[in-house]
Amino acid sequence: MEAERLRLVYQLITRPENEGGAGISQASSKWKYVVDVFPIHDQPFNKAWIQKWSKKYLLDDSDLEDIRCKFGESVAFYFAFLGCYFRFLAFPAALGLGAWVLLGQFSFVYGLGCGLWTVVFLEYWKKKEVDLAVRWGVRGVSALQLPRTQFEWEYEAEDAVTGEPVKVYPYMKRLKTQLLQIPFAIACVLVLGSLVVIANSLEIFINQVYDGPGKQYLGFLPTMILVIFTPTFSAVLMSAANALTEKENYDTVDAHKAALIQKQFVLNFMTSYMALVFTGFVYIPFGNILLPFLDFWRRTAQTLTFSDKPLPTQQFRIDPGRISSQMFYCT
């Protein structure tokens with residue numbers, strides 16, 4: 001199987017020299033010119049594959065088997081999950097359409113139905129995952145962990161089962177580093193939260209308070225702020241997440257990836273849903289606390305106009321329908 005051959009070649013290239021590999025790693029200072037290690041694309045296969053897939057909507061077992069043979073079980077599991085998820089989405093789509101037509105916004109029935117659908121889908125996928133693992137002969141292989149070449153151990157100890165020497169990094173030392181995730185999460189909340197508060201308060205001021213010239217153009221300003229600064233701040237925080245994960249010094253590839261994915265999840269969640277949280281838990285229930293921010297934007301706009309004439313404004317009112325449009329955007 002080609003995927004097995006490529007996996008063995010990759011391990012021979014990247015494994016440490018003391019384990020029989022070449023020790024080539026993109027994260028090693030010794031190989032600073034190595035950006036990544038991957039096989040050359042099989043162009044005829046890719047062309048035939050695209051032509052075959054472009055004529056169907058769903059993948060069958062033969063397609064998954066082709067993916068497994070070419071790219072390995074992990075990629076095949078990914079496509080199997082996507083296919084299963086795509087089929088199951090038919091139920092919440094139909095339920096959502098029915099709720100929109102018959103029940104109106106924020107239906108309790110729709111929320112309960114989606115909750116039950118989630119449980120059914122997860123349980124079904126667990127069974128499907130086990131079936132595929134048994135069929136492909138990879139049941140329980142996740143217990144075999146690949147060592148990281150970047151792992152820096154401090155001492156060796158004897159394995160209680162095999163008696164072989166095992167490289168050890170003190171647990172308490174790693175735990176102290178992991179505790180840095182708390183200030184990291186706080187920094188994410190402060191940075192991304194401040195950006196959301198600034199952009200949303202400015203958007204509320206322009207759309208609900210300001211009533212002067214150029215209003216139709218100024219409405220794009222909050223979006224421009226988010227488009228410019230959100231990727232910038234996210235990139236900086238993601239670099240910090242990568243550095244923190246490297247500092248935690250995990251001994252296996254899977255443990256390192258799991259720790260990094262946890263941090264990425266926090267960042268992506270905040271980037272995607274911070275505005276919705278702001279509207280649902282700040283703007284609607286405590287909209288009056290935004291008055292100082294709105295007054296700040298009014299005074300700023302007054303200063304930028306270089307005029308003593310008061311800017312035309314209108315009375316600020318909390319708009320509960322705002323969360324509806326944001327829910328539609330986020331989902």
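Analyst: Two strands count as a pair if DSSP finds at least two bridges between them. That cut-off will help with the hairpin in this model, which is predicted.

User: Happy to start there. What makes S1 and S2 a pair of strands?

Analyst: Strand S1 (residues 155-158) and strand S2 (residues 165-168) are joined by four bridges. At least two are needed, so S1 and S2 pair. The two strands run antiparallel. In one of the bridges, Tyr155 has Val168 in S2 as its partner.

User: And what do S1 and S2 form, with how many residues between them?

Analyst: They form a hairpin, and six residues lie between the strands. Gly163, in the turn, has a positive phi of about 80 degrees.

User: Let's go to the core. Why is Phe77 called buried?

Analyst: Phe77 has a relative accessibility of 18%. Buried means under 20%, so Phe77 counts as buried. This residue sits in helix H4.

User: Which residues have the most contacts inside the largest nonpolar core?

Analyst: Phe77 and Trp136 do, in a core of 15 residues. Helix H3 (61-71), helix H4 (73-88) and helix H6 (108-136) each give two or more residues to this core. H6 supplies the largest share, six residues.

User: How do you know that Phe77 touches Trp136?

Analyst: Contact means heavy atoms within 4.5 Å, and Trp136 is among the residues that Phe77 touches, along with Trp125, Glu129, Leu132, Ala133 and Val138. That list leaves out residues up to four places away in sequence. Seen from the other side, Trp136 touches Phe77 as well as Leu64, Glu65, Arg68, Glu73 and Ala76. Apart from this core lies another one, of 13 residues, including Cys188, Leu267, Met270 and Tyr283.

User: Glu65 and Arg68 both appear in that list. What makes Arg68 and Glu65 a salt bridge?

Analyst: Their closest N and O atoms are 2.7 Å apart. The cut-off is 4 Å between a side-chain nitrogen of Lys or Arg and a carboxyl oxygen of Asp or Glu, so Arg68 and Glu65 form a salt bridge. Side chains of opposite charge can pair when their charged atoms come close. Because Arg68 and Glu65 are three residues apart in helix H3, about one helical turn separates them.

User: Are Arg68 and Glu65 buried or partly exposed?

Analyst: One of each. Arg68, at 13% relative accessibility, counts as buried. Glu65 has a relative accessible area of 28%, so it is partly exposed.

User: What separates Glu4 and Arg7 in helix H1?

Analyst: About one helical turn, because they are three residues apart in helix H1 (residues 2-14). Glu4 and Arg7 form a salt bridge, with the closest N and O atoms 2.4 Å apart. Partly exposed covers values between 20% and 50%, so Glu4 at 31% belongs there, and so does Arg7 at 37%.

User: Why are Lys263 and Glu248 called buried?

Analyst: Lys263 has a relative accessible area of 3%, and Glu248 has one of 0%. Both values are under 20%, so both residues are buried. Lys263 and Glu248 form a salt bridge, with 3.3 Å between the closest N and O atoms. This pair links distant parts of the chain: Lys263 is in helix H11 (residues 253-283) and Glu248 in helix H10 (residues 221-248), 15 residues apart.

User: How many salt bridges does the structure hold?

Analyst: There are 11 salt bridges. Some salt bridges link Lys52, Lys56, Asp60, Asp63 and Asp66 in a network.

User: Back to H11. Why is Leu260 called buried?

Analyst: Its relative accessible area is 16%, and the limit is under 20%, so Leu260 is buried. Leu260 lies in helix H11 and touches Ala241, Asn242 and Thr245, not counting residues up to four places away in sequence.

User: Now the surface. Is Leu103 buried or partly exposed?

Analyst: Leu103 is partly exposed, because its relative accessible area is 47% and exposed would need over 50%. Leu103 is in helix H5.

User: Which residues make the nonpolar surface patch?

Analyst: Leu97, Trp100, Val101, Leu102, Leu103, Phe108, Val109, Leu112 and Leu116 make this patch of about 1100 Å². Helix H5 (90-103) and H6 each supply at least two of its residues, with H5 giving the most, five residues.

Technical notes. Residues numbered from 1 in each chain as written. Predicted model: local features only at pLDDT ≥ 70, side-chain atom pairs only at ≥ 80, totals over all residues. Heavy atoms only, no water. Core = buried A, V, L, I, M, F, W, Y, C linked by side-chain atoms within 4.5 Å. Buried < 20%, exposed > 50% of the residue type's maximum accessible area, 1.4 Å probe, protein only. Patch = residues over 30% accessible without salt bridge, like charges linked within 9 Å, V, L, I, M, F, W, Y side chains within 5 Å. Areas by Shrake-Rupley, 256 points an atom, 1.4 Å probe, with all protein chains shown as cover.
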